[in-house]
Amino acid sequence: MSFSHIALEEKQRILSEFSAVKADFASRHWFPGTSGNLSMRIGPFEPNEFFFAVTASGKDKTKSTPEDFLFVDQDGKPCETTALKPSAETSLHREIYRLTGAGAIFHIHSVFNNLVSELYWERRAVPIEGVELIKAFNIWDEDAVIDVPIVPNYADVPKIVPEIEPVLNARVPGLLIRKHGVCVWGKDASEAKKHLEAFEFLFEYAYRWQLLKQSR
Ligand SMILES: CSC[C@@H](O)[C@@H](O)C(=O)COP(=O)(O)O
Ligand SMILES: [Zn+2]
């Protein structure tokens, strides 16, 4: 299916939902210093053919303008003529869509996601043990334990891409990039948002719990 076959109403629906999510995240101060990028998939999915709306690169994501998003294909190429540049981290979104078939992917930088990515770098994963909010990931086991993977950060973003597949955990809809930020996903924007809220809570918990243990 080509991008032009996707109904205009569907494109408008995605963009308006996307705008609302971006404004919500901005109100939580989740885009410091123009950081962060968001994407939402549109239309049918095949691992080698799909389309998504992504935030334009380098913009202040706390502002709402007619030039906030563009549609790209599975190769990150714009679907329509535009002067906008897709996010510098579009290759990470492409890879996560290809591997998971998710409907939305959100990437933000926060102090706690940066701290835990360094605190647990040696084991390449942040352990979260028995915290109730793990249920936000649809994991209902008593005293569930999860590991949130951490991949290295490189200035050359495409170099991060091959690091993703080997660490992906089907139960855990997110991964950390060392001293950079988190990428989370879900079947749609509202699920991805729920996951992001849960991850940020759990990262703060993991950091504070480690500190508390050391001071006892
Ligand atoms: C301004 S620091 C953050 C960037 O280097 C990058 O990591 C980021 O999250 C935003 O990049 P962008 O190209 O605007 O999507
Ligand atoms: Zn980033």
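Which side chain makes a polar contact with the side chain of Glu-95? I looked this up first and found Arg-98, at 3.0 Å. For a polar contact I required a pair of N or O atoms within 3.5 Å; within protein, one must be able to donate a hydrogen and the other to accept it, and residues adjacent in sequence count only if both atoms are side-chain atoms.

Basis of the entries. I worked on a predicted model, in which local features need pLDDT of at least 70 and side-chain atom pairs count only at pLDDT 80 or more, while totals for chains, interfaces and linings use all residues. Residues are numbered from 1 along each chain as its sequence is written, chains are lettered from A and ligands numbered from 1 in the order in which they are written, and side-chain values use heavy atoms, with hydrogens and water left out.

Glu-95. I placed Glu-95 in helix H2; helices (H or I, at least four residues) and strands (E, at least two) are DSSP runs, numbered from the N terminus. Glu-95 counts as buried at 11% relative accessibility. I took buried as under 20% relative accessible area, exposed as over 50% and partly exposed as in between, with a 1.4 Å probe and protein chains only. Leaving aside residues up to four places away in sequence, I found Glu-95 touching Val-161, Ile-164 and Glu-165, where contact means heavy atoms within 4.5 Å.

Zinc site. I listed the protein donors of the zinc ion (ligand 2) as Glu-89 (OE), His-107 (NE2), His-109 (NE2) and His-180 (NE2), at 2.1 to 2.6 Å from the ion. Donors are N, O and S atoms within 2.8 Å of the metal (3.2 Å for Na, K and Ca); water is not among the atoms, so sites may look incomplete. The arrangement is octahedral because the six donor atoms subtend angles of 74 to 168 degrees. The test for six donors is that opposite ones are over 155 degrees apart and all others between 65 and 115. Along the chain I read the donor spacing as E-x17-H-x1-H-x70-H. Glu-89 sits in the loop between strand S3 (69-73) and helix H2 (90-100), and His-107 in strand S4 (residues 104-108), so this pair ties together parts 18 residues apart in sequence. Both are buried: Glu-89 has a relative accessible area of 11%, and His-107 one of 0%.

Ligand 1. I found 14 residues around ligand 1, of which Ser-57, Gly-58, Lys-61, Ser-87 and Glu-89 come nearest; a residue is near if one of its heavy atoms lies within 4 Å. Polar side-chain atoms of Ser-57 and of Glu-89 each lie 2.6 Å from an oxygen atom of the ligand. For His-109, a side-chain N or O atom is 3.0 Å from an oxygen atom of ligand 1.

Nonpolar cores. I defined a core as a set of buried Ala, Val, Leu, Ile, Met, Phe, Trp, Tyr and Cys residues joined through side-chain atoms within 4.5 Å. In the largest, of 45 residues, Phe-106, Val-126, Ile-128 and Val-148 touch the most other members. Helix H5 (residues 189-215) gives the most to this core, with eight residues. A second, separate core of 21 residues includes Phe-50, Phe-52, Leu-92 and Ile-164.

Backbone. I noted a positive phi of about 60 degrees at His-29, which is not a glycine. His-29 lies in the loop between helix H1 (8-27) and strand S1 (37-46) and counts as exposed, at 68% relative accessibility.

Technical notes. Tetrahedral: all angles 85-135°; square planar, octahedral: opposite > 155°, others 65-115°.
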